[in-house]
Each structure stands twice: as C-alpha cells, then as structure tokens.
Amino acid sequence: GVASSRYAKAMAARDAMAGTGLRLGATGAAIGGAMSVPIRAYSEAEDAATQLRVAMMKTGGQVAAEYMRINELAIQLGDKLPGTTADFQNMMTMLIRQGMAPKAILGGLGEATAYLGVQLKMSSEEAAEFASKLQDATRTAEGDMMALMDVIQRSFYVGVDKGNMLNAFAKLAPALDTIRMKGLAGAKALAPIVAMADQSGMRGEASGNALRKVLQRSMSTEYLKILTDGLKLSKGIDLKLDFTDGKGEFGGLDQMFQQLGQLKSLNTENRLALIKDIYGDDAEVTQIVSLLIEKGKSGYEEMLQKMADQAAIQDRVNAQLGTLKNLWEAATGTFSNFMVAVGESIAPELKALTTWLGDVASAARQFAVEHPALTSGIMKTVGAIGLLTAGLGAALLGL
C-alpha cells in the first residue's frame with residue numbers, strides 16, 4: 001500500500017512536471033512566433049527604407065530633403081494598393097536609380113507608376129523601370145504621368161503589348177521635337193498609330209523607328225518639291241506634297257493623312273517608286289507608309305475611338321481593388337505597416353541584443369583560436385556527457 005502510494009505520487013509529480021514543461025514550451029514558441037512577425041516586417045521595411053535612403057544620398061552622405069516625403073508616399077501606397085510598404089519603397093528606389101528627380105516622383109510619377117503596376121500586374125521594380133524609361137522617351141511632365149499611364153493601359157486593352165509601346169516611343173523620341181508634339185500630347189496623338197502598326201504585325205521598335213523616319217523626312221519640303229516637279233516633267237503627274245503649316249513647322253496629323261492620301265490616286269508602280277524616293281526602300285518604312293495611306297484618317301480615328309472607349313486607369317484599378325484577393329493584399333499591407341511600427345518600437349533593444357550575441361560569438365571564436373587544446377577537451381567532454389546522457393535515457397526508457 002505504501003509503495004503503491006509513493007509510486008502514484010511520483011507519477012503525478014512526473015506528469016505535472018511534463019505538463020508544465022510542455023505548456024511552457026508551447027507558450028514560449030507562441031510568444032517567439034508572435035514576436036517574429038513584427039521583427040521580420042520591421043527588418044524588411046527597414047532594409048527597403050535604407051536602400052531608398054542610400055539611393056538618395058548626395059556628396060558627404062547627406063540624404064535628399066525629399067526622402068521622408070517619398071518614404072511616406074510608399075507607406076500610403078502600401079496601405080491602399082496590393083503590396084507591402086517594402087514593395088513600394090523598392091519601387092521608389094528603382095525610380096531614383098533610373099534618374100527620376102524626387103520632385104517628379106512626388107509630383108505624380110510615383111503614384112502613376114504604382115497604379116500602372118497594379119493594372120498591368122507588374123512587379124514594383126519592373127513598373128518603375130518602365131515608367132521612367134517612358135517618361136524619358138516622351139519627356140512627359142510629372143503632373144501628366146497618370147494621364148500618360150492611362151494612355152498606355154488603354155493601348156494595352158486594344159491589344160498592344162506594353163513592351164511594344166515602350167520600344168515604339170523610345171525610337172520615336174527624336175521625331176517628337178520635329179513635329180513639336182512631345183509629352184502627353186505626343187503620346188496621345190501617336191499611340192493610335194503605334195496600335196494600328198501593332199495590329200498589322202509590326203514590332204514596337206520597328207514601327208517606332210519607321211514612323212520616326214516618315215515624320216522627319218516628310219518635313220524635307222525642298223526635296224519633296226524636287227521630286228514632285230520631276231514627276232510632273234517625266235510622267236505628267238501634277239502632285240504637290242506639303243506636310244508643313246506654311247511656316248516651316250509640322251502641319252499636324254490631319255494634314256499628314258491628307259497629303260499621303262493623294263498617293264492613292266497614283267498607280268501601284270508610281271506610288272511605290274515615289275514612296276521609295278521620299279522615304280527610302282526600307283521594308284518597315286514602306287510598310288508603315290502603306291498602312292498610313294491605306295487606313296488613312298478614318299482608320300486613325302477608329303483606333304482613337306477604340307482607345308477612348310476603354311475605361312480610365314483609376315476606374316480599372318478601383319474595380320480591381322474590390323476583389324477579395326486584392327482587398328486581402330491591401331489589408332495585409334496595412335497590417336504589415338502596423339507590424340513595422342511595433343517592430344520599430346523594440347528595434348533598439350533588438351539591435352543591442354543582436355550586437356551582444358555577435359560580440360559573444362566573436363569572443364568565443366577568439367577563445368577557441370587561442371586555446372585549441374582546451375577547446376578540444378571541452379568538446380570531447382561535452383560529447384562524452386551527451387553520449388552518456390543518451391545512454392542513460394535509453395536505459396531509463398527501457399526500465
């Protein structure tokens with residue numbers, strides 16, 4: 001009876017200790033897991049913010065005055081759009097690295113880039129690179145960047161790949177000065193032609209380069225007069241081509257379509273010969289000129305209307321934000337920002353602890369280097385104790 005009572009008490013004590021140990025372990029794991037969330041969120045955001053700050057450093061390590069405002073914009077976008085603050089901080093860093101001025105980023109480029117990324121499902125860095133290159137090519141004012149992105153997404157929804165649009169405008173860039181239509185106005189005017197060329201199977205780089213040649217060579221008024229005078233003398237064809245406004249500047253797309261439309265009256269032989277004389281015999285140039293002649297102003301206006309019928313970028317993004325997936329992503333972005341704030345509150349202690357652990361590890365390494373024999377003895381002893389403990393454990397389990 002006495003032995004049974006002692007055994008029961010021993011088993012109860014054992015179970016109580018085991019239960020307490022398990023509960024403490026579980027509680028510790030839960031607390032550690034909960035703590036890891038804000039720590040991880042803060043460390044990711046801190047790293048992204050540091051990369052942004054480093055990108056905005058000037059001579060002597062001074063950070064541009066706009067850093068705080070750009071960082072705040074990234075936080076706001078992280079709260080509103082799918083993606084974390086770190087994603088949008090990385091986007092801002094890429095914009096800076098692409099040479100975009102802080103003023104431009106705050107003036108509309110940053111938000112427009114984020115919207116385009118959401119709409120066309122691009123990563124933050126990919127959207128930043130695309131937007132900066134497009135602004136460079138078109139020289140669009142920062143305040144017009146949202147409208148420019150609207151043009152791009154409208155083109156996308158009439159079938160033009162975003163890469164084709166970017167490549168087309170990159171090649172068109174030199175011609176924008178020629179026709180005095182740079183910036184948003186130029187993009188709006190020429191995007192339908194790029195879309196028409198895309199539908200005819202031309203790559204963006206090819207159509208942009210060909211259209212540049214057509215626009216620039218159409219302004220060679222004296223050369224055009226020599227060609228048409230020669231045509232009248234040799235074949236009796238009375239044709240006058242003038243793409244200017246009468247004052248030496250480009251007369252506009254309406255006049256361009258009107259002038260090219262005159263070539264419809266020529267037979268195929270004469271038309272192809274004249275196109276070759278004016279614009280060269282480059283196959284892509286011939287293709288774009290033939291497209292402009294065939295489609296004419298009516299084809300251009302039809303494409304312009306197709307683009308106008310597309311929803312605005314803000315409307316499309318707002319509709320997308322209403323999906324459960326994007327609502328969840330936006331909510332997790334906001335939660336991540338909260339976790340960043342929590343992590344930031346304990347950052348000094350975490351950094352001090354990390355530094356201390358590093359110092360301890362460094363001191364231990366130094367000790368091991370300086371006392372190899374002692375370290376070896378300690379490790380052998382620990383190993384022996386471990387083996388002995390494992391053996392005893394196995395024996396006890398057997399008992």
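**Figure 1. Helices H7 and H8 cross obliquely in this predicted model.** Helix H7 covers residues 162-178, and helix H8 covers residues 183-199. Their axes come within 11 Å and cross at roughly 125°. H7 and H8 are therefore oblique to each other, since that angle falls outside the ranges for roughly parallel (under 35 degrees), roughly perpendicular (65 to 115) and roughly antiparallel (over 145). H7 passes H8 in a right-handed crossing. On the H7 side, the contact uses Asn164, Met165, Ala168, Phe169, Leu172 and Leu176. H8 supplies Gly186, Ala187, Leu190, Ala191, Val194 and Asp198. By class, the contact of H7 with H8 holds 9 nonpolar, 2 polar and 1 charged residues.

**Figure 2. Helices H2 and H4 run roughly parallel.** H2 spans residues 67-80 and H4 spans residues 102-119. The two axes come within 11 Å and cross at roughly 15°. Angles under 35 degrees count as roughly parallel, so H2 and H4 qualify. The crossing of H2 with H4 is right-handed. H2 brings Arg69, Ile70, Leu73, Leu77 and Lys80 to the contact. H4 answers with Pro102, Ile105, Leu106, Gly110, Glu111, Ala114 and Tyr115. The contact of H2 with H4 divides into 8 nonpolar, 1 polar and 3 charged residues.

**Figure 3. H4 also packs against helix H6.** H6 is made of residues 145-156. The axes of H4 and H6 lie 8 Å apart, at an angle of about 20°. That angle makes H4 roughly parallel to H6. Their crossing is right-handed. From H4, the contact takes Gly108, Leu109, Glu111, Ala112, Tyr115, Leu116 and Gln119. From H6 come Met145, Met146, Met149, Ile152 and Gln153. The contact of H4 with H6 counts 8 nonpolar, 3 polar and 1 charged residues. Glu111 and Tyr115 of H4 appear in this contact and also in the contact with H2.

**Figure 4. Lys121 and Arg139 are loop residues with positive phi.** Lys121 sits in the loop between H4 and helix H5 (124-138). Its phi is about 55°, although Lys121 is not a glycine. Lys121 counts as exposed because its relative accessibility is 69%, over the 50% cut-off. Arg139 sits in the loop between H5 and H6. Arg139 has a positive phi of about 55° and is not a glycine either. At 37% relative accessibility, Arg139 counts as partly exposed.

**Figure 5. Ile237 is a buried residue in a loop.** The loop runs between helix H10 (221-235) and helix H11 (253-261). Ile237 has a relative accessible area of 18%; buried means under 20%, so Ile237 falls in that class. Leaving aside residues up to four places away in sequence, Ile237 touches Thr228, Leu231, Lys232, Leu266 and Asn270. Ile237 and Asn270 stand 33 residues apart in sequence. Their C-alpha atoms are 9.6 Å apart in space.

**Figure 6. The whole protein has 17 helices and 0 strands.** The protein has 399 residues, of which 39% are buried. Its accessible surface comes to about 21500 Å². Carbon and sulfur atoms account for 59% of that surface. Of the contacts between residues at least 6 apart in sequence, 70% join residues at least 24 apart.

Definitions and conventions: Residues numbered from 1 in each chain as written. Predicted model: local features only at pLDDT ≥ 70, side-chain atom pairs only at ≥ 80, totals over all residues. Heavy atoms only, no water. Helix = DSSP H or I, 4+ residues; strand = E, 2+ residues; numbered from the N terminus. Buried < 20%, exposed > 50% of the residue type's maximum accessible area, 1.4 Å probe, protein only. Contact = heavy atoms within 4.5 Å. Areas by Shrake-Rupley, 256 points an atom, 1.4 Å probe, with all protein chains shown as cover. Axes fitted to C-alpha atoms, helices over the stretch in contact; angles between N-to-C directions. Left-handed = near helix turned anticlockwise from the far one by under 90°. Nonpolar A, V, L, I, M, F, W, Y, C, P; charged D, E, K, R; others polar.
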